[in-house]
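Me: I would like a close look at a single part of this protein, namely the aromatic rings that lie around one tyrosine. Please set the scene briefly and then take me through that part step by step.

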Amino acid sequence: MAMMRALLLRKSLSSSPLFHDTTIRSCLLNMDCNAWLYCQLSSTNSYHSSAKFDLTDLTQPHLWYPNARKKKRNVFLHMGPTNSGKTYHALKRLEASSSGLYCGPLRLLAWEVAQRMNKAKVPCNLITGQERDEIDGAQHTSVTVEMADVSSEYQCAVIDEIQMVSCKTRGFAFTRALLGICSDELHVCGDPASVPLIQRILEVTGDNVQIQYYERLSPLVPLKVPLESFSNIKKGDCIVTFSRTDIYRLKKKIEARGKHLCSVVYGSLPPETRTKQATLFNDDKSEMDVLVASDAIGMGLNLNISRIIFSTMKKFDGESTRELTVPEIKQISGRAGRYGSKFPVGEVTCLNGKDLPLLHSSLNAASPVLESAGLFPTFDLLSLYSRMHSTKAFYPVLEKFLAKAKLSSDYFISDCEDLMKVAAVVDGLPLALYDKYLFCLSPVDMADDISAQGLIQFAENFSKKGLVRLKEIFMPGTLQVPKTQNQLKELESIHKVLDLYVWLSYRMEESFPDREVAASQKSMCSLLIEEFLERSGGYKPFKKAQPTAQWLQNKYQKKEMQKYFPEVNVESD
């Protein structure tokens, strides 16, 4: 009977103008991938009967993933604080499985897990928005959570840092992974504050849920006295602040005393540079024995930190300056005294005594229980909705859809302010709806003028010619070691533009053909930034003369320009 209803539905759809959109036609014919749509569509004879056919009803997102719903998954919740071994135990199960998937919040984490698996003789692919490293015969894959494949089956899967399900911008990706991954075993790691919400979300899936709680493996000692003076800085310290300007200001202050050199880690540094700075800090032979960092150290980097020192307990979150939350304070503090490191006991304090009460009360408090998880409509839903409203403009489609969206109390619509800014730009271009959707999802920083201009240029060139050559916005050979903070910021922005090109090239390969040169220039940006950091700290990493990043840039660029842009005349040495 169900099969007959499906066949009748397909027949009725074939006469609809909706059916002539290839994306939607493929979507609707594959009934296994659209159980939710089938239920909606089968309740009405007309696509324009809005009273019955409601695409904006998002109250049952678990039905969006019929492959996962066919299984009775065994879900294991590994819950505990930072440095408790919860992810370690989940990864051991992943290593022992015949096929598996790791989903992490950061490229650095995905890379680290792929390296670990391959080192353990378990072939593992690495797939992020900007990287593809596929290993022959691999049955395991490590991904950033947005890249999770919910159409394949696995014996085992791991979702790391599940508390990010409540993140206002990226939470929907964790919800998608939690509900959609089709695996016999699903291991979910994170903060215990997420347990009640996950239990409620999975209650309707029929999955078998078990919980394992973990305690911190090494002591974390909140100090009763503040640092007060930078003369009290010692090897292994990490000073935490929340602006790029303050990071370099503190670095300069500490190094001016002549006792220590500082590595730096913050969000807008390229991932490769962050890893290099962390490596220098961890290396006993390195002179960089103090770290100045933002909350970017909260996850994704293994750091040998003896003591965390909060220079402030306030941060600007993009809207206002506010006090740090309990989870933020715990996450950052927990990075001190990593188990098995040369600092087995972690300490945490503040620069100023007035901040100690908030630090101590937060470390003693339970993290607030998570109330809801992020959700965002799929392209299939938005595409159908646009057809029903006879428009290809993405901004009004998304705006109307979200305004009418119906949700259960366990979910919220993810913040799409930046996405809407991109939509406003691409709607002015003659692009298909799916192309607009891709540009809106791209990793562009619209608050960064250079990054935003890069996206605009890419979208305009794509709309005009269907082909975007990197040289139309960026010419190799123009990169230099920055001499000032402003030049450093500009180089970080250029890295974002190159990163955006690589991301787009993996989704529109024929239209963005210069991936290789973009990736190589990204690496060169990282080298030039590293050289700036070395020069600014007076750090001499080599005992004998070595080629500088700038020299490599000049030599390398001549070959690159001739290889990819033969029309450019390049003089030889």
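**An aromatic cluster in its setting**

Reply: The chain exposes about 26,100 Å², and carbon and sulfur atoms supply 52% of that area. The model is a predicted one. Its chain has 573 residues, and buried residues make up 54% of them. The secondary structure comprises 20 helices and 18 strands. Among contacts between residues at least 6 apart in sequence, 74% join residues at least 24 apart.

We may now turn to the aromatic rings. The chain contains 14 aromatic pairs. One of them is formed by Phe458 and Tyr501, whose ring centres are 5.5 Å apart. Their planes stand at 70°, and an angle over 60 degrees counts as edge-to-face, so this pair is edge-to-face. The two partners come from distant parts of the chain: Phe458 belongs to helix H17, which covers residues 449-465, while Tyr501 belongs to helix H18, residues 485-507. In sequence they are 43 residues apart.

Tyr501 also pairs with Phe512. Here the centres are 5.3 Å apart and the planes meet at 70°, which again is an edge-to-face arrangement. Phe512 lies in the loop between H18 and helix H19 (515-537), so its pair with Tyr501, in H18, ties together parts that are eleven residues apart in sequence.

Are these rings buried or exposed? Phe458 and Tyr501 are both buried. For Tyr501 the relative accessible area is 0%. Phe512 has a relative accessible area of 1%, and the limit for a buried residue is under 20%, so Phe512 is buried as well.

The two pairs described above belong to a wider group. Phe439, Phe458, Phe462, Tyr501 and Phe512 form one aromatic cluster. Tyr501 is thus a member of this cluster, and it has edge-to-face partners in Phe458 and Phe512.

Another tyrosine, Tyr506, has charged groups over its ring. The charged end of Arg132 sits over the ring of Tyr506, 4.3 Å from the ring centre. The charged end of Arg515 also sits over that ring, at 3.8 Å from its centre.

In summary, Tyr501 of helix H18 pairs with Phe458 of helix H17 and with Phe512 of the loop between H18 and H19. Each of these pairs is edge-to-face, the one with Phe458 and the one with Phe512.

Terms used
Residues numbered from 1 in each chain as written. Predicted model: local features only at pLDDT ≥ 70, side-chain atom pairs only at ≥ 80, totals over all residues. Heavy atoms only, no water. Phe/Tyr/Trp six-rings, centres within 6.5 Å; stacked < 30°, edge-to-face > 60°. Helix = DSSP H or I, 4+ residues; strand = E, 2+ residues; numbered from the N terminus. Buried < 20%, exposed > 50% of the residue type's maximum accessible area, 1.4 Å probe, protein only. Lys NZ or Arg CZ within 6 Å of the ring centre and 35° of its normal. Contact = heavy atoms within 4.5 Å. Areas by Shrake-Rupley, 256 points an atom, 1.4 Å probe, with all protein chains shown as cover.
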